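Me: I am new to protein structures and would appreciate a close look at a single part of this model. Please begin with one residue and continue from there to its surroundings.

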Amino acid sequence: MEERSILSYETVSLDDDKSAVVIIDQTKLPYETVIKELTTQNQIWTAINRLEVRGAPAIGIAGAMGVYLAAKETMEVDFDIFYDKFNEAKEYLDSSRPTAVNLSWALKRMEAVVLANKELPVAEIKKLLYNEAVAIKEEDVWVCKTIGEYGLTLLKDGDGILTHCNAGQLATAKYGTATAPMYLAHEKGYNIRVFADETRPLLQGARLTAYELLSAGINVTLNCDGASSMIMQNGWVNIVFVGCDRVAANGDTANKIGTANLAISAKYHNVPVYICAPTSTIDMECATGKDIHIEERLGEEITETWYSNRMAPNGVNTFNPAFDITNRDCITGIITEYGIAYPPFEESLKEIFIRKNAR
């Protein structure tokens with residue numbers, strides 16, 4: 001029997017009959033494909049927190065589905081009591097990852113459905129919440145493909161592309177954000193070559209991006225993070241595509257640690273850097289990157305997690321931020337589903353939302 005490609009699995013889905021959020025456990029990739037059914041709020045919270053499901057769009061989808069299940073399981077028929085329990089579940093899930101804005105965005109969108117329909121019976125509100133959770137996932141497919149179509153306009157046959165972390169299908173419902181132009185270029189027959197940073201400390205580039213691009217038949221080269229400047233210096237890269245977890249109103253972006261270093265090097269080597277970001281990732285209430293809370297993770301992720309034996313000496317201090325801030329001055333453009341925003345970002349991002357609201 002032919003081995004099933006990782007791209008044939010859904011990153012995150014809802015099994016309403018089993019009252020479960022179904023995910024690929026990405027901590028097990030690429031060695032084994034483990035499908036997990038999450039049926040409790042604690043399981044969903046833990047899966048998001050431990051990066052079993054990860055990527056800003058994917059955790060937003062998981063959060064929406066999770067809070068729907070919490071509402072579904074609530075037996076209360078009084079709206080006020082129902083809403084209190086819904087809000088408790090919403091706040092709990094929102095606490096699982098603090099940096100990616102998509103999680104809070106999706107949960108607030110689900111809350112808006114509850115509040116807009118409070119005159120309806122609770123049973124009807126639950127049906128509307130199901131519809132909204134499904135819609136959030138379906139919209140993400142359109143969003144990612146459209147980002148890919150805008151990104152494709154920046155590519156030509158033979159281009160070299162550099163990416164960091166995993167903003168691929170494994171981080172979304174389909175296509176990915178930063179990888180969407182790559183998939184569409186490959187479908188078009190472009191002979192592209194992708195360089196994937198391994199992405200320390202969690203190795204999403206090595207374990208996930210390289211894995212899924214290779215599965216798709218795309219020419220991908222895995223490189224250590226510190227080699228990205230040399231790759232650009234050698235003239236092998238024409239463009240950088242990366243995803244992000246939050247965009248501030250001034251154009252600063254938060255992405256996996258190491259993205260800022262990459263963008264600084266790219267600017268020095270005159271390689272354009274494009275951030276691939278759904279509008280759900282853009283936080284217009286966040287003024288600058290300085291206002292983005294950066295999650296710091298356990299030190300064991302860099303001292304022992306990926307080694308048979310502990311690599312670092314016992315007692316050493318660790319600093320393990322999950323993200324860094326890429327200054328807007330190092331960003332060429334921000335690709336959204338409503339077009340590409342260019343500097344000055346304060347104005348162009350506002351224009352993006354005008355287009356979105358007019359749709």
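Reply: **From one loop residue to the helices**

Asparagine 117 touches Ile125 and Leu128, leaving aside residues up to four places away in sequence; contact here means heavy atoms within 4.5 Å. This is a predicted model, in which local features need pLDDT of at least 70 and side-chain atom pairs count only at pLDDT 80 or more, whereas totals for chains, interfaces and linings use all residues. Residues are numbered from 1 along each chain as its sequence is written, and side-chain values use heavy atoms, with hydrogens and water left out.

Asparagine 117 sits in the loop between α4 and α5. Helices (H or I, at least four residues) and strands (E, at least two) are DSSP runs numbered from the N terminus. Between the C-alpha atoms of asparagine 117 and alanine 227, which are 110 residues apart along the chain, there is a separation of 54 Å.

One of the two elements flanking this loop, helix α5 (residues 122-152), leads to α2: their axes come within 9 Å and cross at roughly 170°. Consequently, α2 is roughly antiparallel to α5 (over 145 degrees counts as roughly antiparallel). Axes are lines fitted to C-alpha atoms, for helices over the stretch in contact, and angles run from 0 to 180 degrees between N-to-C directions. On the α2 side, Pro57, Ile61, Ala64, Met65, Tyr68, Ala71 and Lys72 take part; they meet Lys126, Leu129, Tyr130, Ala133, Ile136, Lys137 and Asp140 in α5. This contact contains 10 nonpolar, no polar and 4 charged residues. Asp, Glu, Lys and Arg count as charged, Ala, Val, Leu, Ile, Met, Phe, Trp, Tyr, Cys and Pro as nonpolar, and the others, including Gly, as polar.

Helix α2 (residues 56-73) also packs with helix α1 (residues 41-49), at an angle of about 170° and with their axes 10 Å apart. Helix α1 is therefore roughly antiparallel to α2. Gln41, Ile44 and Ile48 of α1 make this contact with Ile59, Ala62, Gly63, Gly66, Leu69 and Ala70 of α2. By class, the contact of α1 with α2 has 6 nonpolar, 3 polar and no charged residues.

Helix α2 appears again around an internal space. The whole structure holds 1 cavity of 30 Å³ or more; on a 1 Å grid, a cavity is a set of points where a 1.4 Å probe fits but cannot get out, and lining residues have an atom within 4 Å of a point. The largest cavity encloses about 220 Å³ of space, and among its 25 lining residues, Arg54, Gly55, Ala56, Asn166 and Asp245 are the closest to its centre. At least two lining residues come from each of α2 and β9 (253-256), and α2 gives the largest share, 3 residues. The lining as a whole has 12 nonpolar, 9 polar and 4 charged residues.

Returning to the other helix beside the starting loop, we find a charged pair. Arginine 97 and glutamate 295 join their side chains in a salt bridge (2.8 Å, N to O). Because arginine 97 lies in the loop between α3 (79-94) and α4 (101-116) and glutamate 295 in the loop between β11 (282-283) and α10 (300-303), the pair ties together parts that are 198 residues apart in sequence. The whole structure has 18 salt bridges, each a side-chain nitrogen of Lys or Arg within 4 Å of a carboxyl oxygen of Asp or Glu.

Notes: Parallel < 35°, antiparallel > 145°, perpendicular 65-115°, else oblique. 1 Å grid on protein atoms, 1.4 Å probe; cavity = no way out; pocket = protein on both sides within 12 Å on 5 of 7 lines; lining within 4 Å. Points joined across faces, edges and corners; volume = space filled by probe spheres on them.
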